[in-house]
Amino acid sequence: MAITSTFQPEFEFDYDDTLPLLHQYSIPVMQRTIYNKMRALFRVKHGYSQRARSWIGPGYHGLLIYGLVRKLLPRSVVDVGTCWGFSALCAALAMEDARLNSQVLTIDRSEHTDYGSDAFFDRLRRDKVFQVVGLSKQQLPQYAPVTIDLAFVDGGHSYEQVHFDATFLSRRLSPNGILMLDDCVAEYAGVEQAAREIEYEFGLTRTTFRRIAMFSSRPFATSLTQADKIGTAQLR
Ligand SMILES: C[S@@+](CC[C@H](N)C(=O)[O-])C[C@H]1O[C@@H](n2cnc3c(N)ncnc32)[C@H](O)[C@@H]1O
């Protein structure tokens with residue numbers, strides 16, 4: 001199913017199997033704000049956009065996070081691996097756009113301060129982001145909400161780290177919750193192994209969008225990639 005959009009990133013962006021969910025909620029917003037803004041910021045700071053490309057890539061995870069927050073209206077969102085804040089800010093912006101009175105908890109072992117100052121990001125961070133610096137193994141038990149509606153795991157990519165993060169978050173996932181693991185591809189064998197184990201151990205349904213494995217206790221996830229079925233709003 002081809003989706004037309006006015007979104008014009010600097011490089012090829014294949015919409016053919018992009019979800020209507022993303023189209024409906026994410027793309028115009030991402031264009032106007034975070035995605036382009038962050039890349040522009042990086043160009044200014046570093047003189048070239050390659051670095052921005054390497055860490056946010058085509059931004060699929062941000063689109064997906066934004067779209068899911070808009071659609072699910074989660075009360076609690078956890079983001080493991082803040083880095084420069086792309087994923088956390090995408091969740092934060094969606095919360096703001098959906099007028100959700102929630103915050104995204106984001107954890108990173110180190111604080112990346114290289115993003116410079118930007119009034120828009122500063123405000124979003126202040127209002128919608130709860131940032132914790134430290135290892136996820138130590139900080140999740142201390143700060144994670146008891147029930148988690150949406151979680152994005154993109155911290156340490158070793159099997160042990162992903163397994164810990166994903167197991168911890170799965171235990172707290174609400175009945176309608178979604179857990180996402182980034183980089184679930186062959187080059188990250190540890191992520192793949194942890195994903196297989198989580199799926200089995202918690203009896204979760206899994207689907208993979210680009211390189212993001214998504215888990216849910218409900219069966220909608222399997223049809224999430226079938227664009228023709230999205231209209232039935234199985235997310236609700
Ligand atoms: C791929 S980056 C995250 C990218 C970010 N989610 C985004 O959308 O731009 C991975 C981050 O995980 C952090 N990290 C690695 N191991 C970690 C751990 N055990 N606990 C917390 N953060 C960790 C790294 O410092 C790094 O900033």
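The residues of the shell around the ligand in this predicted model divide into seven nonpolar, eight polar and three charged. In total, 18 residues surround the ligand, and the closest are Gly 81, Cys 83, Phe 86, Ser 87 and Gly 156. Several secondary-structure elements contribute to this shell: helix α4 (50–56), helix α6 (86–97) and strand β2 each supply at least two of its residues.

The protein that holds this ligand has 12 helices and seven strands. Of its 236 residues, 41% are buried. Among contacts with a separation of 6 or more, 71% are accounted for by residues 24 or more positions apart.

The seven strands form an open sheet of mixed pairing, in the order β3-β2-β1-β4-β5-β7-β6. The edges are occupied by β3 (129–133) and β6 (205–209); each has a single partner strand, so one side of each is left without a neighbour in the sheet. From one strand to the next, the twist averages 15°.

Strand β2, one of the elements that supply the ligand shell, can be described in further detail. Strand β1 (residues 77–80) pairs with strand β2 (residues 104–108) in the parallel sense, over four bridges. Within this pairing, Val 77 has Val 104 of β2 as its bridge partner, while Val 80 is matched with Ile 107 of β2. The chain passes from β1 through α6 to β2, and this β-α-β crossover is right-handed. Helix α6 thus appears both in the connection between the two strands and among the elements that supply the shell around the ligand. Strand β2 is also joined to β3, by five bridges, and these two strands run parallel. In that pairing Val 104 stands opposite Val 129 of β3; Val 104 is also the bridge partner of Val 77.

The burial of β2 was examined next. Five of its five residues are buried, and the strand is mostly covered. In a regular strand the side chains alternate between the two faces of the sheet. For β2, Val 104, Thr 106 and Asp 108 lie on one side and Leu 105 and Ile 107 on the other, and the burial of these residues leaves both faces covered.

Two helices were characterised by their packing against the sheet. Helix α5 (residues 60–72) lies across β1, β4 (148–153), β5 (173–181), β6 and β7 (212–216), and runs at about 180° to β4. Helix α9 (residues 159–171) lies across β1, β4 and β5, with an angle of about 165° to β5. Strands β1, β4 and β5 are therefore crossed by α5 as well as by α9, where the angles are given between N-to-C directions.

Strand β7 includes Met 214. This residue counts as buried because 23 C-beta neighbours lie inside 10 Å, where 20 or more are required. Met 214 is 10 residues from Leu 204 in sequence, and the two are 9.3 Å apart in space, C-alpha to C-alpha.

The loop between β5 and α10 (189–201) contains Tyr 188, and Asp 183 also has its place in the loop between β5 and α10. Tyr 188 has 19 other C-beta atoms within 10 Å and is therefore partly exposed, since a buried residue needs 20 or more. Asp 183, with 18 C-beta neighbours inside 10 Å, likewise counts as partly exposed. When residues up to four places away in sequence are not counted, Tyr 188 touches His 157 and Asp 183. Tyr 188 and Tyr 159 are 29 residues apart in sequence, whereas their C-alpha atoms are 8.7 Å apart in space.

Backbone geometry distinguishes two further positions. Asp 183 has a positive phi of about 60° although it is not a glycine. Arg 99, also not a glycine, has a positive phi of about 55°. Arg 99 lies in the loop between α6 and β2, on the path of the crossover from β1 through α6 to β2. With 7 other C-beta atoms within 10 Å, Arg 99 is exposed, because that class covers residues with 12 or fewer such neighbours. Asp 183 is partly exposed, whereas Arg 99 is exposed.

Technical notes:
Residues are numbered from 1 along each chain as its sequence is written. This is a predicted model: local features need pLDDT of at least 70, side-chain atom pairs count only at pLDDT 80 or more; totals for chains, interfaces and linings use all residues. Two strands pair if DSSP finds at least two bridges between them. Axes are lines fitted to C-alpha atoms, for helices over the stretch in contact, and angles run from 0 to 180 degrees between N-to-C directions. Two residues are in contact if their C-beta atoms, placed from the backbone, lie within 7 Å. A residue is near a molecule or strand if its C-beta atom, placed from the backbone, lies within 6 Å of it. Ala, Val, Leu, Ile, Met, Phe, Trp, Tyr, Cys and Pro count as nonpolar, Asp, Glu, Lys and Arg as charged, and the others, Gly among them, as polar. A crossover is right-handed if, with the strands pointing away from the viewer, the path from the first strand over the helix to the second runs clockwise.
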